[in-house]
Amino acid sequence: MARVSGSGALPRLESGGSRQLRAGTLEAARTLLDEVFYPEMTDDDWDHCLGGQHALLWEGELLVAHAAVVPRRLMLGTRPLRAGYVEGVAVHADRRRRGYGAAVMAALEATIAREYDLGALGSTELGVGFYLARGWRVWQGPTWTRTPNGLRRTADEDGWIYVLEGAESLDSSETLTCEWRPGDVW
């Protein structure tokens with residue numbers, strides 16, 4: 001892993017869809033995620049980051065933070081919801097505690113507010129305080145996934161799924177179901 005030293009450049013926020021980003025940007029994002037989440041980052045995890053909007057923070061030519069929001073269909077009980085699902089939130093280890101994660105999340109939260117019924121994400125223990133401070137709340141109800149073979153309970157995800165409500169308040173004690181996908185379903 002390459003060590004990053006201070007560049008002195010002012011941070012610059014870039015956002016855009018996976019297909020609109022300039023050449024090399026997605027490669028830089030994948031490299032950052034591989035470094036931050038080593039050795040757990042998988043090809044499926046990376047695929048989950050694609051197909052939506054990315055928020056990227058640069059210091060000069062160095063990518064120091066990334067997050068993506070992708071469209072997903074979630075079911076609240078039997079009601080379908082358009083969800084902006086947050087993936088790949090990462091800040092380079094040498095750049096943490098500078099507000100960079102907040103900057104990329106603010107850009108995505110604005111997209112979620114404009115384009116989706118709610119925001120959703122799966123958190124790790126390290127991210128809980130960060131998301132709670134930003135107004136995200138833990139989903140209290142049971143979680144499920146709709147697989148090709150029917151519904152499957154995802155009890156291990158209970159307590160780790162966070163939502164950011166849109167204009168409408170949701171009953172977080174209801175069942176929340178996501179569509180199946182390869183890798184981590186949530």
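This briefing describes the overall fold, the surface and the nonpolar cores of one protein chain. The model is predicted, and its secondary structure comes to 4 helices and 10 strands. With 186 residues, a compact globule would have a radius of gyration near 16 Å, and the chain agrees with this, since its own value is 16 Å.

**Overall fold**

- Read along the sequence, the helices and strands follow the pattern β-α-α-β-β-β-α-β-α-β-β-β-β-β.
- Taken along the principal axes, the box filled by the C-alpha atoms is roughly 50 × 30 × 30 Å.
- Among the contacts in the chain with a separation of 6 or more, 71% are accounted for by residues 24 or more positions apart.

**Burial, surface and charge**

- Buried residues make up 45% of the 186 residues, while the accessible surface of the chain comes to about 9600 Å², with 51% of that area belonging to carbon and sulfur atoms.
- The chain has 20 positive and 26 negative charges, and the mean positions of these two groups are 3 Å apart.

**Nonpolar cores**

- The largest nonpolar core has 21 residues, and those with the most contacts inside it are Val86, Met105, Leu121 and Trp136.
- Two or more residues of this core come from each of strands S2 (53-59), S3 (62-76), S4 (79-91) and S9 (161-165), and likewise from helices H3 (100-115) and H4 (128-133), with H3 giving the largest share, 5 residues.
- Leaving aside its neighbours within four places in sequence, Val86 is in contact with Ala68, Val69, Met105, Leu108, Ile112, Ala120, Leu121 and Trp136.
- Another core, of 16 residues, lies apart from the largest one and includes Leu118, Ala120, Cys178 and Trp186.

Terms used: Residues are numbered from 1 along each chain as its sequence is written. This is a predicted model: local features need pLDDT of at least 70, side-chain atom pairs count only at pLDDT 80 or more; totals for chains, interfaces and linings use all residues. Side-chain values use heavy atoms; hydrogens and water are left out. The radius of gyration is taken over C-alpha atoms; the globule rule is 2.2 Å times the number of residues to the power 0.38. Buried means under 20% relative accessible area, exposed over 50%, partly exposed in between (1.4 Å probe, protein chains only). Contact means heavy atoms within 4.5 Å. Accessible areas come from the Shrake-Rupley method with a 1.4 Å probe; for residues, only the protein chains shown count as cover. Lys and Arg count as positive and Asp and Glu as negative; His and the chain ends are not counted. The place of a charge is taken as NZ of Lys, CZ of Arg, CG of Asp or CD of Glu. A nonpolar core is a set of buried Ala, Val, Leu, Ile, Met, Phe, Trp, Tyr and Cys residues joined through side-chain atoms within 4.5 Å.
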